[in-house]
Every structure is written in C-alpha cells, then in structure tokens.
Amino acid sequence: MIYYLVGIKGAGMSALALCLSQQGHIVKGVDSETFFYTQKKLNDFCVEDFTHMNLKKSYFYIIGNAYVNHSLFKTIKRLKYKYMLYPQFIYNYFKDYSFISVCGSHGKTTTTKMLSELIDNASYIIGDGSGNGHGSQYFIMESCEYRDTFLNYYPKFCLILNIDYDHPDYFKTKDDYILSYKKFSEQSMVVVANGDDENINKIKADYFITYGINDDNDVKFSYQIKNNGMDVFILGQSFFIPLFGKHYAYDFVGAYLISKLCGLTDEDIISKIKNFKLPSRRLTIKKSDDLILIHDYAHHPTEISSVYETLKIMYPNYKIKCFFQPHTISRSEALALEFKRALGKFDDVFIIRTFTSVREEADLIKEAKIYKLWDYKVINLEDISIKKFTNTIYLFLGAGDIDLTFEKLVKMNIKKPN
C-alpha cells in the first residue's frame with residue numbers, strides 16, 4: 001500500500017509514518033515548509049509542501065488532526081480518493097493488536113516510552129515522534145484527549161495518569177474535560193489509574209485498578225530519592241529508575257502495572273528500566289564546567305511545577321533563570337493564576353510571545369492582559385542572551401519553537417556539551 005499522510009510532521013503522524021514504513025508500506029506525505037523537530041526522523045521519506053504536491057488516486061490518504069479543515073482535505077473528498085482521519089485509521093489498522101492506551105493531562109510521552117521499552121513484541125506511537133511497527137502482539141498508543149481524539153479507541157488496557165484541566169479552547173468547563181475521560185474509561189476493558197488524583201476518583205468504576213501513595217488504593221507504592229535517581233517500592237519489590245521527582249514515580253508505577261498485566265516479571269522490569277532515558281524535548285540538559293542549559297516541553301502549570309521540583313532535587317543550590325513560551329492564548333487565559341503561581345517558584349522569569357499554531361490565531365489584547373497579570377518581562381526569542389553566573393541554570397520551557405533557540409544557544413555557548 002502507498003500511504004500519503006497530510007500533516008506528516010505532526011508528532012503522531014510522523015510516528016505513524018515510521019510504523020507503516022517498517023511494516024513494508026510506501027509512505028509519502030505533505031506538510032508546511034516550517035521546520036518542526038519531528039522532521040529529523042523523516043529524512044528517508046518523500047515529504048512535499050503544499051505548493052508542490054503530486055497527488056494520485058492510487059494513494060490511501062491519512063488526514064492529520066490539524067488538517068481536517070484544510071483545503072487539501074476538501075480536494076481529496078471532492079476527488080473521491082480513499083482516506084481516513086488519523087484516529088480512525090489508527091483504530092482500524094491496529095484493531096487486531098492488544099491495544100494499550102496511555103492517557104492523562106501530563107506524563108503521557110514519558111510513560112508511553114517506558115512501556116515501549118518494557119514490553120517486547122510491541123508496535124507503538126509516542127508523542128515525541130517516535131514510532132515502531134515491528135511488534136505484532138501489542139500496540140502502545142499515547143492517546144490524546146484533545147478534541148476527544150481518544151474516543152476513537154477501544155483499548156484492552158487503558159492507563160490514566162492524571163486528569164488536570166487543559167485544552168480550554170475545546171473543553172469549555174472542567175466538568176466537560178473530566179466527562180471525556182469517563183467516556184474513554186467506559187470504552188476500555190481494564191483501566192489502571194492514579195487513585196491519588198481527585199478527578200480520577202470522580203470517574204472510578206469497578207473495573208479500575210488504582211495505584212498511589214495513599215492507603216485506599218488497590219496497589220500502594222512509595223519512593224526514595226537517591227544520588228543518581230529513585231528507588232520505587234511496590235508489591236514487596238524495589239525498582240531503581242534514573243529519574244528524579246514524584247511525578248516520575250507515578251509514571252513508572254502506572255507503566256509497571258500495565259507491564260505486569262502483559263505478563264512481565266519483576267526481573268524483566270528491573271533490568272529494562274534501570275537505564276531509561278527520557279523522550280526528546282523532555283528535560284534535555286546540556287552543560288559544560290561553568291554553564292547549564294535545559295529545555296523542557298512543559299506548557300501547563302502542573303508540568304512547570306514538576307520541572308521545578310526535579311531541578312531543585314538535581315541542583316539544590318542553583319538559581320534558575322526561566323524563559324517560558326506559552327502555548328495557546330486560551331490555555332494562558334483559563335489557567336492564568338495557576339501559571340503565575342508555578343512561574344513564581346523560579347528565581348528569574350522572562351516571558352516569550354505566545355506560540356501560535358493552527359489551533360488559534362494570535363490575540364494581542366488578551367495576551368497583553370495575561371502578561372500584565374503575570375508581571376514578568378516580555379522579550380523576543382532572538383533577544384535571549386546567556387551570561388555565565390556561578391550556580392545558575394538557564395531553563396527554556398514551552399511546546400512551541402523555543403527548543404530551536406535553546407539548540408542555537410547551546411551551540412554558541414557550550415563547545416562540547418555533556
């Protein structure tokens with residue numbers, strides 16, 4: 001089959017391209033010419049731009065979520081070419097696998113990567129653009145709630161990491177957001193969920209297996225910080241993970257329980273998790289003897305607070321200069337006070353203009369009101385400069401293109417990054 005992916009640079013779409021190619025299909029696609037981090041993994045694919053496309057009736061078209069209103073999709077329908085929307089294709093193509101969905105407001109990418117490394121014979125799609133099509137028994141999917149995308153799936157195992165209100169451009173109230181997770185859990189055969197999360201407890205049903213630190217969970221765990229990571233204690237066994245912070249302990253325990261349901265032994269998990277590395281764009285650290293630069297994808301107040309927690313464990317005596325690029329005006333507006341509290345943890349904060357995407361148009365009036373509330377200096381990406389101070393971290397946060405500025409500053413300031 002020849003598959004043509006509309007929006008091939010998207011995180012899920014690029015991962016799907018890798019899966020399909022590894023299973024012997026020919027994969028082509030189209031996207032904007034703007035650089036996106038996933039295209040590094042697409043060098044072996046024919047990727048066209050919207051001004052130079054070679055469409056054919058023989059192709060099967062997969063339409064990315066960001067392009068359902070694009071003129072190209074309208075053309076494909078008018079010409080009566082064969083197509084499916086991305087989530088519909090995922091469900092139909094992988095329906096004969098044991099489908100594992102990882103969902104939640106935070107931690108999906110990290111936890112999906114954990115599962116992909118723990119469970120053998122699994123194909124997977126991860127939100128950092130990583131994909132694998134070699135596994136034939138399990139399919140592991142980072143399942144996003146935005147626009148109710150995950151309601152297209154009916155997984156055998158569903159892992160719910162947390163429910164923390166997000167995507168206010170689509171979910172108008174917190175109750176709408178929680179209800180979406182309730183619907184998804186009802187479509188799943190077995191749900192493994194963080195029982196310490198108050199919103200998860202609002203939707204908990206008999207087929208839930210809950211985990212957490214609190215006593216009222218089905219599975220209780222604890223953790224202890226060490227010099228080079230954490231020990232997580234669960235069901236009488238100790239597991240070392242080379243990560244720092246409570247949120248990573250919760251992620252691991254969720255992945256652990258799904259792995260046990262798939263038949264893994266504790267010995268398997270101990271040997272595989274001890275060398276785990278975070279996905280791309282998650283806590284990327286570049287340093288020399290006198291300078292530390294860090295980028296993280298965090299773009300929600302809870303994620304920002306989690307990054308702060310991790311860095312204070314890793315670098316307890318360091319000051320943190322934070323450069324934050326918001327992602328969507330609607331999120332900044334709906335969670336303005338939460339952002340202010342999270343950003344207030346850092347020693348210095350600089351705000352970058354909001355990263356706009358196909359989701360929303362820029363709104364300078366709303367943006368100005370939000371920035372006035374936050375009361376931090378607003379600068380442009382090109383105005384960021386680095387000065388070497390003792391015991392100081394330069395932290396770059398956001399899901400937009402701030403990672404490109406981070407990479408440029410690493411090249412300029414750290415000759416041989418560690």
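What share of the contacts with a separation of 6 or more in the protein chain comes from residues 24 or more positions apart? I got 64%, with contact taken as heavy atoms within 4.5 Å.

Notes on the input: this is a predicted model, where local features need pLDDT of at least 70, side-chain atom pairs count only at pLDDT 80 or more, and totals for chains, interfaces and linings use all residues. Numbering runs from 1 along each chain as its sequence is written, and side-chain values use heavy atoms, leaving out hydrogens and water.

Overall dimensions next. I found a radius of gyration of 21 Å for the protein chain, which agrees with the value near 22 Å for a compact globule of 418 residues (taken over C-alpha atoms; the rule is 2.2 Å times the number of residues to the power 0.38). The C-alpha box along the principal axes is roughly 60 × 55 × 45 Å. Buried residues make up 54% of the 418 (under 20% relative accessible area, 1.4 Å probe, protein chains only).

Then I looked up secondary structure: 13 helices and 21 strands, as DSSP runs numbered from the N terminus (helices H or I, at least four residues; strands E, at least two).

I traced one open sheet of 10 strands, E8-E7-E9-E6-E10-E11-E12-E13-E14-E15, with mixed pairing; a pair needs at least two DSSP bridges. Its edges are E8 (131-132) and E15 (237-241), each pairing on one side only.

Inside that sheet I checked E13 (219-226) against E14 (229-234): they run antiparallel, joined by six bridges. Isoleucine 225 stands opposite methionine 230 in E14.

Methods. Buried < 20%, exposed > 50% of the residue type's maximum accessible area, 1.4 Å probe, protein only.
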